Each structure stands twice: as C-alpha cells, then as structure tokens.
Amino acid sequence: MSEQFKGIAAMVLACTIWGLSALYYREIAHVPPLEVLSHRTIWSLVFLLVLLSYSKRLGEVAEVLCQKRALFIIAIAALMISVNWFAYILSVQIGRLVESSLGYYIFPLVAVALGYLFLGERLSRLQWVAVSMALIAVVLLTLGLGVAPWISLILAITMGLYGLSKKSLSCGPVLSVMCEVILLAPLALIWLYGVHELNWQGLVGREGGFFGHGWDTVLLMLVGPLTAGPLVLMSYSMKRLALGTVGLVQYLNPTLQFGVSVLIFMEPFTQWHFIAFAIIWTALGLYSYQSLRKAP
C-alpha cells in the first residue's frame, strides 16, 4: 500500500469511529453527561499516557507544559474541546444528533471566518458566498423552528476556536491533546468525587455514580480509547496527506452522524432542517471546490 492510501484509510477509519460514536454514547445515555465527560477525559489521559510511554515521548509533554505561552494556549483549547465534547454527549442524550451533525458541517465555514477575523487570512469570492450561505441556513432554521440551533452553534464555534487556538502550537495533535486532558483531569476527578461521594447531579438533575456497577464500568472506560484513538489515526494521516484531502474526508463524520440521527434514532427532520442542510451542503460544495482549486 502507498503512503497516501494508508493515510486515507486511517482518516476514513477515524471519521467512521467519530461518526458512529453516537451509537455507543446512546448505550450510556442514562449516565449524566458531565459524568460521561469526566470519564472521557480520565480514560483519554490513560490511553494517551500508555501510547506516549510506549513511543517514549512523555518528555515532550513536560517540555510543552513548561512553556508559559503554550500552556496558556492549551488551557484555552482544553476549555473549548471540553465544551464541545459536553455538547455532543448532550445532543445524543436529548435526541438532538441532527443538530450535532449540522454543527460539524458548519464548522469548516466557521473556521474560515475565524481565520479572516483573527489571522488576517483572505477569503475568495466563493468562500465569502459559502460563509454567507451558512449564516443564512442558521437564520432560516431559527425562524422556521422558532428557536436557534444552539447545539449546532456551540459545536461549530467551539470547534472553530479550538482549531484557531491550536494553529500557533508547534506540537502535534496527539501531544497537544495529551496536554489538554492533563489540565482537564483534576476537574474531572473532582466532579467524579462529587458524584460518587456527595451525590452531585449536575445540569440535568439526575443521580450518577455509575462507575463500578457492572457493564457501565467497562463502557465508561472504553470512552477514552473511543475519543483518543481517532486522534492518533488523524495524526497518522495528516503526515501522509494534503490538508485539503484531510478536510474533505472529515465530512464523513457529520454525514454518518446525520444518517444515524435520521435513519436509526428516528429524530425529527422537518422541512426547515431540509432547507438548512441543503444550503449548507451547497455551501460546502463551493468551499470544497475552492479548496481543491488551491491544492497543489
């Protein structure tokens, strides 16, 4: 197999895992989202700790965390990704995975807009049209449903800010995610202590403390590899593929989310959803066409 084929295969596998992960999270939907988020953080840390120990790269983690500027940027990234993870877990539990998929479709266009606002990146005419169409889609969906698609907006904006913050980091995605979960782990441990010992219920007002109770324990532990494993695959693919190719393959993730939400979870899909998605898909077509034109 050529290196390019290996890269594409790794990226397809990563996006497939992400896109179908809602099926897994539905199995632990009875566990409050903050508790799931905490376990996602802790077991991602364990998984990456083993991986980086095996590859003898733990020293690089210490080097990154000793840099004040890098530590500040990683703290911002950690905040953004934790909000993003929480919103995604919540969307599965409350039956709003359609909005989640819309958010990840919008994300590339949000990233383009943030690059223009904060990095001075120039937008082509087609990119301006694509970003404007994304805004129109959100406005129409808000007017049609009578409420803004908050989950979509939170996912798209936090993912965009997450990517923006990591642009200035020289370390790779696996190393930076390791640093992020190191910063988040103390908060996760505090929350899990509160859930198990103090009966904290969090935002949804449900009792937790499911770790240590049979099958739930295994499912919560496997949330870590389910999160960090695709990041390792993405890192592998990014070393072998052009960024434009990586970006196009990433659309597989929200496409699978959309399929799971409508075909398996049978979530409502109104005419307003159809209009919004049709506009977004057209916008992404323009964006992808522009990206391919720029590709060497």
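**Figure 1. Burial across the predicted protein chain.** Of the 296 residues in the protein chain, 48% are buried. The model is predicted. Its accessible surface comes to about 14,500 Å². Carbon and sulfur atoms hold 70% of that surface. The C-alpha atoms fill a box of roughly 55 × 45 × 40 Å along the principal axes. The radius of gyration is 19 Å, which agrees with the value near 19 Å for a compact globule of 296 residues.

**Figure 2. Helices of the protein chain.** The protein chain has 12 helices and 0 strands. Read from the N terminus, the order is α-α-α-α-α-α-α-α-α-α-α-α. Contacts between residues at least 6 apart in sequence are considered next. Of these, 84% join residues at least 24 apart. The chain carries 17 positive and 12 negative charges. The mean positions of the two sets lie 15 Å apart.

**Figure 3. The largest nonpolar core, with Tyr 25 in view.** This core holds 59 residues. Tyr 25, Ile 28 and Tyr 88 touch the most other members. Which helix gives the most to this core? Helix H4, residues 68–93, does, with 13 residues. Tyr 25 touches Val 36 and Arg 40. Tyr 25 also touches Tyr 88, Ile 89 and Val 92. Val 223, Leu 226 and Thr 227 complete its contacts, not counting residues up to four places away in sequence. Another core, of 27 residues, lies apart from the largest one. Its members include Val 110, Ala 134, Val 138 and Tyr 287.

**Figure 4. Tyr 287 in helix H12.** Tyr 287 belongs to the core of 27 residues. Tyr 287 lies in helix H12, which spans residues 271–294. Is Tyr 287 buried or exposed? The relative accessible area of Tyr 287 is 18%, so this residue is buried; the cut-off for buried is under 20%. Neighbours within four places in sequence are left aside for the contacts of Tyr 287. Pro 108, Leu 109 and Val 112 touch this residue. So do Gln 127, Ala 130 and Tyr 251. Met 80 and Tyr 287 are 207 residues apart in sequence. Their C-alpha atoms are 24 Å apart in space.

**Figure 5. Gly 19 in helix H1.** Helix H1 covers residues 3–27 and contains Gly 19. Gly 19 has 0% relative accessibility and therefore counts as buried. Which residues are in contact with Gly 19, leaving aside its neighbours within four places in sequence? They are Asn 253, Leu 256, Gln 257 and Val 260. Leu 126 is 107 residues from Gly 19 in sequence. The two C-alpha atoms are 28 Å apart.

**Figure 6. The loop between H8 and H9, with Asn 199 and Gly 209.** Helix H8 (173–197) and helix H9 (215–238) flank this loop. Asn 199 has its place here, as does Gly 209. Phi of Asn 199 is near 60°. That is a positive value in a residue other than glycine. Asn 199 has a relative accessible area of 41% and so is partly exposed. Gly 209 has 11% relative accessibility and counts as buried. Gly 209 touches Glu 35, Val 195 and His 196, not counting residues up to four places away in sequence. Thr 16 is 193 residues away from Gly 209 in sequence. In space, their C-alpha atoms are 30 Å apart.

**Figure 7. Met 266 in the loop between H11 and H12.** Helix H11 (252–264) and helix H12 (271–294) bound the loop that holds Met 266. Phi of Met 266 is near 55°. The value is positive, and the residue is not glycine. Buried, partly exposed or exposed: which applies to Met 266? At 62% relative accessibility, Met 266 counts as exposed. The cut-off for exposed is over 50%.

**Figure 8. Arg 125 in helix H6.** Helix H6 spans residues 125–145 and includes Arg 125. Arg 125 has 75% relative accessibility, so this residue counts as exposed. Gln 290 is 165 residues from Arg 125 along the chain. How far apart are their C-alpha atoms? The separation is 9.4 Å.

Technical notes:
Residues numbered from 1 in each chain as written. Predicted model: local features only at pLDDT ≥ 70, side-chain atom pairs only at ≥ 80, totals over all residues. Heavy atoms only, no water. Helix = DSSP H or I, 4+ residues; strand = E, 2+ residues; numbered from the N terminus. Rg over C-alpha atoms; globule rule 2.2 N^0.38 Å. Buried < 20%, exposed > 50% of the residue type's maximum accessible area, 1.4 Å probe, protein only. Contact = heavy atoms within 4.5 Å. Areas by Shrake-Rupley, 256 points an atom, 1.4 Å probe, with all protein chains shown as cover. Lys, Arg positive; Asp, Glu negative; His and termini not counted. Charge placed at Lys NZ, Arg CZ, Asp CG, Glu CD. Core = buried A, V, L, I, M, F, W, Y, C linked by side-chain atoms within 4.5 Å.
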